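Got your viewer open? Let's take a walk through this structure together, one selection at a time.

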Amino acid sequence: MEKPKFMSKCLVLVALLIACLIINNVESQLTTDYYANTCPNLFWIVRRQMFNALMNEMRIAASLLRLHFHDCFVNSGGPAWQVLLGRRDGLVANRTGANVRLPSPLDDVDQIIAKFAAVGLNITDVVSLSGGHTIGLARCAVFSSRLSNFSSTGSPDPILDASMVTSLQSLCPTSGDGNATTSLDVNSTYRFDNHYFDNLLNNKGLLFSDQVLFSGNNATSTTKSLVQAYSQDSALFFRNFANSMINMGNISPLTGSEGQIRRNCRVVN
């Protein structure tokens, strides 16, 4: 990947967004037409830049989904939806909030549901947004606990498909540094589809927090039926994913004069 070229495109895009925000009228809520007067071509500009970025590095799609997930939870290829605009940047970086509020790859289904409920999201949102793992990669460090001595048993996670255990043990030896990566959605790494849910039905969910949506102790009364429905109906998954992305974007947004518009996304002005 040509990182300098990719970063320059991102910086141009960020600069454009900052300029639009600075000259925009103050709004009190998120709207789809936030930039209608100041940057009427914003959607097409962003779409073009992101398409070019994807051509250089497909993983950026999963990274952007993860960024949206982190930002909304902490500070407040397939489906399409109208994005609500006008969300401003926070004044602090909340590492403690991230560690406490964000679902962990080791959480069971009840813990995941509780963390979603704490920010106003429901079980449909849990399963739909988890389906974002249909694209992207994960490091060995976040799932290697399933490959040996799972829950202090001295053996791998018995739910994880045996052939998958073997291949993952080869990729992630106990002597490794945990930085090797593999697909979150086995056999469908870069395609946004419902294959992720097929994996769960076949005990091939890479993360413990993914597989428990189908196999967890309380999944039958909460998430299992949706996993089954999405595996059979990609259109239903796409619709619900789009709605859940909108719901997540509405978690306590900073609007109007709240927060700030960062000139450098990494630091407060």
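## A tour from the outside in

Start with the whole chain shown as a surface: about 14,500 Å² of it is exposed, and carbon and sulfur atoms supply 52% of that area. Keep in mind that you're looking at a predicted model. Of the 269 residues in the chain, 41% are buried.

Now switch to cartoon view. You should find 11 helices and 2 strands. Trace the chain along its sequence and the pattern reads α-α-α-α-α-α-β-α-β-α-α-α-α.

**Stop 1: a patch on the surface**

Select Phe 43, Trp 44 and Val 83. Together these residues make a nonpolar surface patch of about 340 Å². Zoom in on Phe 43, which sits in helix 2, residues 42-56. Is Phe 43 buried, exposed or partly exposed? Its relative accessibility is 44%, and because that value falls between the 20% and 50% cut-offs, Phe 43 counts as partly exposed.

**Stop 2: Thr 134**

Next, select Thr 134. Look for the loop that runs between helix 6 (123-130) and strand 1 (137-139), and you'll find Thr 134 there. This residue has 0% relative accessibility, so Thr 134 counts as buried.

What does Thr 134 touch, once you skip the neighbours within four places in sequence? Show Asp 185, Ser 188, Thr 189, Arg 191, Phe 192, Asp 193 and Tyr 196: Thr 134 is in contact with each of them. For a sense of how the chain folds back, pick Asn 187 too. Asn 187 and Thr 134 are 53 residues apart in sequence, and their C-alpha atoms are 10.0 Å apart in space.

Now show side chains. With which side chain does the side chain of Thr 134 make a polar contact at 3.0 Å? One such partner is the side chain of Asp 185. The side chain of Asp 193 also makes a polar contact with the side chain of Thr 134, again at 3.0 Å.

**Stop 3: Asp 193 and a listed site**

Move over to Asp 193. Its home is the loop between strand 2 (181-183) and helix 8 (195-201). Asp 193 has a relative accessible area of 15%, so this residue is buried. Leaving out residues up to four places away in sequence, Asp 193 touches Thr 134, Asp 185, Ser 188, Phe 237 and Phe 238.

Select Thr 134, Asp 185 and Asp 193 together. An unreviewed UniProt entry lists these three under "binding site". They are spread over 60 residues of sequence, yet they cluster in space, with a largest C-alpha distance of 9.7 Å.

**Stop 4: inside a helix**

Last pick: Ser 244. You'll find Ser 244 in helix 11, which covers residues 234-249. Is Ser 244 buried or exposed? Ser 244 counts as buried, because its relative accessibility is 1%. To see what is packed against this residue, show Thr 124, Asp 125, Ser 128 and Leu 129: Ser 244 is in contact with these four, leaving aside neighbours within four places in sequence.

Notes: Residues numbered from 1 in each chain as written. Predicted model: local features only at pLDDT ≥ 70, side-chain atom pairs only at ≥ 80, totals over all residues. Heavy atoms only, no water. Helix = DSSP H or I, 4+ residues; strand = E, 2+ residues; numbered from the N terminus. Buried < 20%, exposed > 50% of the residue type's maximum accessible area, 1.4 Å probe, protein only. Contact = heavy atoms within 4.5 Å. Polar contact = N/O pair within 3.5 Å; in protein donor to acceptor, adjacent residues only side chain to side chain. Patch = residues over 30% accessible without salt bridge, like charges linked within 9 Å, V, L, I, M, F, W, Y side chains within 5 Å. Areas by Shrake-Rupley, 256 points an atom, 1.4 Å probe, with all protein chains shown as cover. Salt bridge = Lys/Arg side-chain N within 4 Å of Asp/Glu carboxyl O. UniProt positions renumbered as here; feature names shortened; annotations may be inferred.
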